[in-house]
Amino acid sequence: MTLPAALVSRAMEAEAFRIAPDDTNYFAILFDPATKGFAHICVVEIFAVGGRTPPNSHRVAHEFFYVLHGKGIAHCEGRSTPVAKGDALLLRPGAEHVVENVGASKLYTLTIMMPDEAFAALIRGGTPVALDEEDAMVLTGGRAKAPA
């Protein structure tokens, strides 16, 4: 069987999850290993105002963040770096890190983990989240509303 050369995912149709009930970030899954022939995970990660990831690292995966909207600080290996719309951040395997929203609105990042390293299963094992109007405005550039 031949796999399609190109696939399209629409962010407002993506399944979204919060990993743990008290987490201040959640994930809209664009592509993951459930996509046949794909071994990575691509999500839009959404951080509440004041939200942050728990400290974490990855054994073999590189983690990439591209800031779509908002302002944050990336803490990694004892150093802190501000990030804002248009900035890209690459974290190497083994680097303990925290990404924190320091802006007045939600922080949105395109986050890619290469390889997946079971991150998709961790996300999908969380609690489903409905995307809201603010999410719709950012993820579609103002073209669509959140699903009813």
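The paragraphs below walk through this predicted model, from its overall build to a few individual residues.

Let's start with the whole chain. The protein holds two helices and ten strands, and along the sequence they follow the pattern β-β-β-β-β-β-β-β-β-α-β-α. A compact globule of 148 residues would have a radius of gyration near 15 Å, and the protein has 15 Å, so the two agree. If you prefer a box, the C-alpha atoms fill one of roughly 45 × 35 × 30 Å along the principal axes. Of the 148 residues, 41% are buried. The contacts tell you about the wiring of the chain: taking pairs at least 6 apart in sequence, 66% of the contacts join residues at least 24 apart.

The surface comes next. About 8100 Å² is exposed, and 58% of that area is supplied by carbon and sulfur atoms. As for charge, the protein carries 13 positive and 17 negative charges, and the mean positions of the two sets lie 5 Å apart.

Now for the sheet. Seven strands form an open sheet in the order S7-S4-S9-S3-S2-S1-S10, with antiparallel pairing. At its edges stand S7 and strand S10 (127–128); each has a single partner strand, so one side of each is left without a neighbour in the sheet. Strands of a sheet pair through backbone hydrogen bonds, either parallel or antiparallel.

Strand S4 (residues 62–69) is a good place to look at this pairing in detail. Seven bridges join S4 to strand S9 (residues 107–114), and the two run antiparallel. S4 also pairs with strand S7 (residues 88–91), again in the antiparallel sense, over four bridges. Phe-64 lets you see both partnerships at a single residue: its bridge partner in S9 is Ile-112, while in S7 it stands opposite Leu-90.

S9 has another partner too. Strand S3 (residues 41–47) is joined to S9 by seven bridges, also antiparallel. Here Ile-46 stands opposite Tyr-108 in S9.

Which residues does His-69 of S4 touch once its neighbours within four places in sequence are set aside? The contacts are Lys-85, Ser-105, Lys-106, Leu-107, Tyr-108 and Val-138. Tyr-108 is thus a contact of His-69 as well as the residue opposite Ile-46. Lys-106 is 37 residues away from His-69 along the chain, yet their C-alpha atoms are separated by 7.7 Å. His-69 itself lies in strand S4 and counts as partly exposed, because its relative accessibility of 28% falls between the limits of 20% for buried and 50% for exposed.

Finally, follow the chain out of S9 into the loop that leads to helix H1 (119–124), where Pro-115 is found. The peptide bond between Met-114 and Pro-115 is cis, with omega about -10°. Glu-117 lies in this loop between S9 and H1, and its phi is near 50°, a positive value in a residue other than glycine. Is Glu-117 buried, exposed or partly exposed? With a relative accessible area of 30%, Glu-117 is partly exposed. Ala-118 also has its place in the loop between S9 and H1; its phi, near 65°, is likewise positive in a residue other than glycine. When you inspect the backbone of this loop, then, look for the cis bond before Pro-115 and for the positive phi values of Glu-117 and Ala-118.

Terms used
Residues are numbered from 1 along each chain as its sequence is written. This is a predicted model: local features need pLDDT of at least 70, side-chain atom pairs count only at pLDDT 80 or more; totals for chains, interfaces and linings use all residues. Side-chain values use heavy atoms; hydrogens and water are left out. The radius of gyration is taken over C-alpha atoms; the globule rule is 2.2 Å times the number of residues to the power 0.38. Buried means under 20% relative accessible area, exposed over 50%, partly exposed in between (1.4 Å probe, protein chains only). Contact means heavy atoms within 4.5 Å. Accessible areas come from the Shrake-Rupley method with a 1.4 Å probe; for residues, only the protein chains shown count as cover. Lys and Arg count as positive and Asp and Glu as negative; His and the chain ends are not counted. The place of a charge is taken as NZ of Lys, CZ of Arg, CG of Asp or CD of Glu. Two strands pair if DSSP finds at least two bridges between them.
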